[in-house]
Amino acid sequence: MRPAKTLIAAAIAIVALAGTATGVAAATSTPVPPIHHVAPNKLTGYPTHINTVNLDGYQIQTSYPLGVNDAGNTYLQTYTGNTVTAVAIDGPLLGTPAVTFNYIALPITQNILMLVWLLPNGLHNSFVYNFSNHESSVVTYDLAGHPSLGSVFIVKAGTHPIP
């Protein structure tokens with residue numbers, strides 16, 4: 001019977017300590033303002049809307065020395081409306097047919113975009129383009145999620161500036 005009383009006493013002590021800790025935390029924490037009172041971020045639009053980047057008219061060249069799927073390849077991407085057409089212009093995939101997909105481009109910070117190519121059947125390739133230091137990172141749609149790392153350059157600017 002003694003172990004049962006010890007166990008009950010320990011449980012009561014733990015509940016009392018938890019209640020005290022919760023009360024202290026509630027009394028000393030700074031309240032977080034509701035999201036609807038925060039001014040939207042001029043670049044991203046958060047928390048009231050989502051800003052996107054229109055790449056219509058842009059031609060972007062990427063080259064990947066590192067990675068499983070893209071190593072050694074250089075691609076030219078041409079953006080028209082809400083689509084991108086990409087073709088290998090150098091490397092092992094030179095001569096393969098061009099591919100065209102819908103895309104979404106989101107501003108992350110100044111001169112950095114997250115770009116997603118929307119492939120059929122819900123697949124996608126996800127890119128981060130840093131136009132300040134000309135780095136491109138991509139994670140492909142395959143199940144292994146093979147990343148590639150390389151460079152990105154604007155060959156021709158479109159009519160809408162990249163923020």
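Which residue stands opposite Ile104 in strand 5? I shall begin with that question, and its answer is Val116. The model before us is a predicted one, and I will use this pair as the way into its strands.

Let me first set out the overall plan. The protein contains one helix and eight strands. The helix comes at the N-terminal end, and the eight strands follow it in the order of elements. Of the 163 residues, 25% count as buried. The protein exposes about 10200 Å², and carbon and sulfur atoms supply 67% of that area. Among contacts between residues at least 6 apart in sequence, 37% join residues at least 24 apart.

I return now to strand 5, which spans residues 112-118. Strand 5 is mostly covered, with five of its seven residues buried. On one side, strand 4 runs antiparallel to strand 5, and seven bridges join the two. The hairpin that they form has two residues between the strands, and Asn111 there takes a positive phi near 70 degrees. Strand 5 also pairs with strand 6, again in the antiparallel sense and over seven bridges. In that pairing, Leu118 stands opposite His124 of strand 6. The hairpin of strand 5 and strand 6 has five residues between the strands.

What, then, is packed together in the interior? The largest nonpolar core has 23 residues, and those touching the most other members are Leu55, Tyr79, Tyr103, Leu115, Trp117 and Tyr129. Strands 1 to 6 each supply at least two residues of this core. In general, nonpolar side chains in soluble globular proteins tend to be buried together. Leu55 may serve as an example: setting aside residues up to four places away in sequence, Leu55 touches Tyr79, Tyr103, Ala105, Leu113, Leu115 and Ile162.

Some nonpolar residues are found on the surface instead. Ile108, Met114 and Val128 form a nonpolar patch there, with about 220 Å² of accessible area together. Met114 belongs to strand 5. Is Met114 buried or partly exposed? Met114 counts as partly exposed, because its relative accessibility is 31% and the buried class ends under 20%.

I turn finally to the backbone. Most residues other than glycine have a negative phi, and most peptide bonds are trans. Several places in this model depart from that pattern. A cis peptide bond joins Tyr46 and Pro47, with omega at about 10 degrees. Pro47 is located in the loop between helix 1, residues 2-28, and strand 1, residues 59-67.

Two further residues deserve mention for phi. Asn121 has a positive phi near 65 degrees and sits in the turn of the hairpin of strand 5 and strand 6. With 77% relative accessibility, Asn121 counts as exposed. His134 likewise has a positive phi, near 65 degrees, and is placed in the loop between strand 6 and strand 7, residues 135-139. At 31% relative accessibility, His134 counts as partly exposed.

To close, I come back to strand 5. Strand 5 is joined to strand 4 by seven bridges and to strand 6 by seven bridges, and it supplies at least two residues of the largest nonpolar core. Met114 of strand 5 also takes part in the surface patch with Ile108 and Val128. Thank you for your attention.

Conventions: Residues numbered from 1 in each chain as written. Predicted model: local features only at pLDDT ≥ 70, side-chain atom pairs only at ≥ 80, totals over all residues. Heavy atoms only, no water. Helix = DSSP H or I, 4+ residues; strand = E, 2+ residues; numbered from the N terminus. Buried < 20%, exposed > 50% of the residue type's maximum accessible area, 1.4 Å probe, protein only. Contact = heavy atoms within 4.5 Å. Areas by Shrake-Rupley, 256 points an atom, 1.4 Å probe, with all protein chains shown as cover. Patch = residues over 30% accessible without salt bridge, like charges linked within 9 Å, V, L, I, M, F, W, Y side chains within 5 Å. Salt bridge = Lys/Arg side-chain N within 4 Å of Asp/Glu carboxyl O. Core = buried A, V, L, I, M, F, W, Y, C linked by side-chain atoms within 4.5 Å. Pairing = 2+ DSSP bridges.
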